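I opened this model to look up a few residues and a few helix pairs. My notes follow in the order I made them.

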Amino acid sequence: MGDVAQRLADIVGTDNMASGDAVGDDYTGDEALVGERIKPRYVVKPATAEEVAAILRLATEERIPVTARGSGTGLSGAVRPHPDGMVVSFERMNAILDIDTTNHVAVVQPGVTLSELDAKTAEVGLGYTVYPGEMSASVGGNVGTNAGGMRAVKYGVTRNNILGLQAALPTGELIRTGGRTVKTSTGYDLTQLVIGSEGTLALATEIIVKLHPRLPHNTTVLAPFPTLDAVMRAVPRIVSSGLAPHILEYIDALTMAAITHTAELSLGIPDDVREASQAYLVVGLENRDADRLDGDVAVLGDLLTDLGASDAYVLEGTSARKLIEAREKAFWTAKAAGADEIIDVVVPRSALPDFLTEAQAAAARTESGVVGCGHAGDGNVHLAVFQKDEGKRDRLLHEIFAAAMELGGAISGEHGIGHAKKTHFLRLEDPAKIELMSRVKRAFDPAGILNPGVLFGRED
């Protein structure tokens, strides 16, 4: 082994370091549909925060690009490594260190998966409420991208559910930010700065997550609408109704047909209603009391009818679970159907009708197909793009992103920028903000080793 490889093996152990041909394909990228997968020179699997710090200190000394990896479920190419770089895989740092039922927090290592954390917190009637659609995703990955998901309409995204971090800096220092308190007004909020930075500032080595009580009673209501515009105009009224849905999703007719077919799911909607529907709302309600939940469902049914829904169907337990699972797997359905890109634009709820109109107009101008679903309750729209021609697809994406920003939104609500959307981000974002972000990056990472090429950094 070369000197660097031997030094890395000395830090993590020979069995937890790979280089050259020994690097497996799993470490060459994430689930992004665009961009080539790249094999890094090294893969290291630390077991402690101190090992992570030592790895970063070595990488800074040797100017080796570093890409952090959780479960590799991201969709923006943010874990696509540098060919001369190393991947720091957190698969061995997967311990749940504490479940604190007094302060309603859990302390976890970054490699803990959502399914592992969910099972453990369920034992004490609590839960971490970030569900980005893939339960094999890691908590560290949530931190990197500020992941969201269906329940964000009620519980917020990752940054609303992380109270503190331990993080390794590129200099080899370990810092702690935040803690088990729910508020602080003491200097800069470094926790929030690291969250969503896509591995470009520091690597989280320990995470304090907020836990919420699990409410015992829940139900799912499905409402078909004759037009997508009617669905979008209904969303703000439902959010302001006081019903506090924990799920508020829209699904267009083509996507609904695809995901129910893939899941072999029959929802019992009459053929004439289904054929007359262009889109659906899926509304999830929960409560600690069954009678109160029944009352909320009745109010919701009347409200949906008043807002133009063809009907409102209360789904039984199995059907509800399968529909939510099918919606969460919409990416895989789109991928199997040949989608060329998946994007997750976010706009204010009030702008959803105008944004979708602009997106369809852009699709028509570029002879492309655009279908989708999304977290309507928080304005996060997931669109599957079908356009093989790279030039036309680039033009379409740029027009869609520009439309979102003109309406007060952003290019990504939860997937992040990564490599996949960087060129659009740099062309559309305020140059003053980009320069400020660059200065923050240099303050954390003066050698520029952390995820070069992601967000705004150079590829070399």
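Before the first entry I fixed a term: a polar contact is a pair of N or O atoms within 3.5 Å, and within protein one of them must be able to donate a hydrogen and the other to accept it. I also noted that this is a predicted model.

Entry: Asp 344.
I found Asp 344 in strand β16, which covers residues 341-346. Is Asp 344 buried or exposed? Its relative accessible area is 0%, and buried means under 20%, so Asp 344 is buried. I then looked for a polar contact and found that the side chain of Asp 344 reaches the backbone nitrogen of Glu 414 at 2.6 Å. Glu 414 is also listed among the contacts of Asp 344 beyond four places in sequence, and with it come Ile 411, Ser 412, Gly 413, His 415 and Lys 421. The list further includes Asn 380, Val 381 and His 382. I checked His 382 separately: it lies 38 residues from Asp 344 along the chain, yet their C-alpha atoms are separated by 4.4 Å.

Entry: Gln 387.
I placed Gln 387 in the loop between β18 (380-386) and α14 (390-406). Its relative accessibility is 9%, so I entered Gln 387 as buried. Which backbone atom does the side chain of Gln 387 reach? It is the backbone oxygen of Glu 367, at 3.2 Å. With neighbours within four places left aside, I listed Thr 366, Glu 367 and Ser 368 as contacts of Gln 387, together with Asp 340, Lys 392 and Arg 393.

Entry: helices α1 and α2.
I looked at α1 (residues 3-12) against α2 (residues 49-62); their axes come within 9 Å and cross at roughly 165°. Angles over 145 degrees count as roughly antiparallel, so α1 is roughly antiparallel to α2. I recorded the crossing as right-handed. From α1 the contact takes Val 4, Arg 7, Leu 8, Ile 11 and Val 12, and from α2 it takes Glu 51, Ala 54, Ile 55, Leu 58, Glu 61 and Glu 62. I sorted these residues into 7 nonpolar and 4 charged, with no polar ones.

Entry: helices α7 and α13.
I turned to α7 (residues 228-239) and α13 (residues 352-365), which pack at about 150° with axes 8 Å apart. I therefore wrote this pair down as roughly antiparallel. Leu 228, Asp 229, Met 232 and Arg 233 of α7 meet Leu 352, Pro 353 and Leu 356 of α13. By class I have 5 nonpolar, no polar and 2 charged residues here.

Technical notes:
Residues numbered from 1 in each chain as written. Predicted model: local features only at pLDDT ≥ 70, side-chain atom pairs only at ≥ 80, totals over all residues. Heavy atoms only, no water. Helix = DSSP H or I, 4+ residues; strand = E, 2+ residues; numbered from the N terminus. Buried < 20%, exposed > 50% of the residue type's maximum accessible area, 1.4 Å probe, protein only. Contact = heavy atoms within 4.5 Å. Axes fitted to C-alpha atoms, helices over the stretch in contact; angles between N-to-C directions. Parallel < 35°, antiparallel > 145°, perpendicular 65-115°, else oblique. Left-handed = near helix turned anticlockwise from the far one by under 90°. Nonpolar A, V, L, I, M, F, W, Y, C, P; charged D, E, K, R; others polar.
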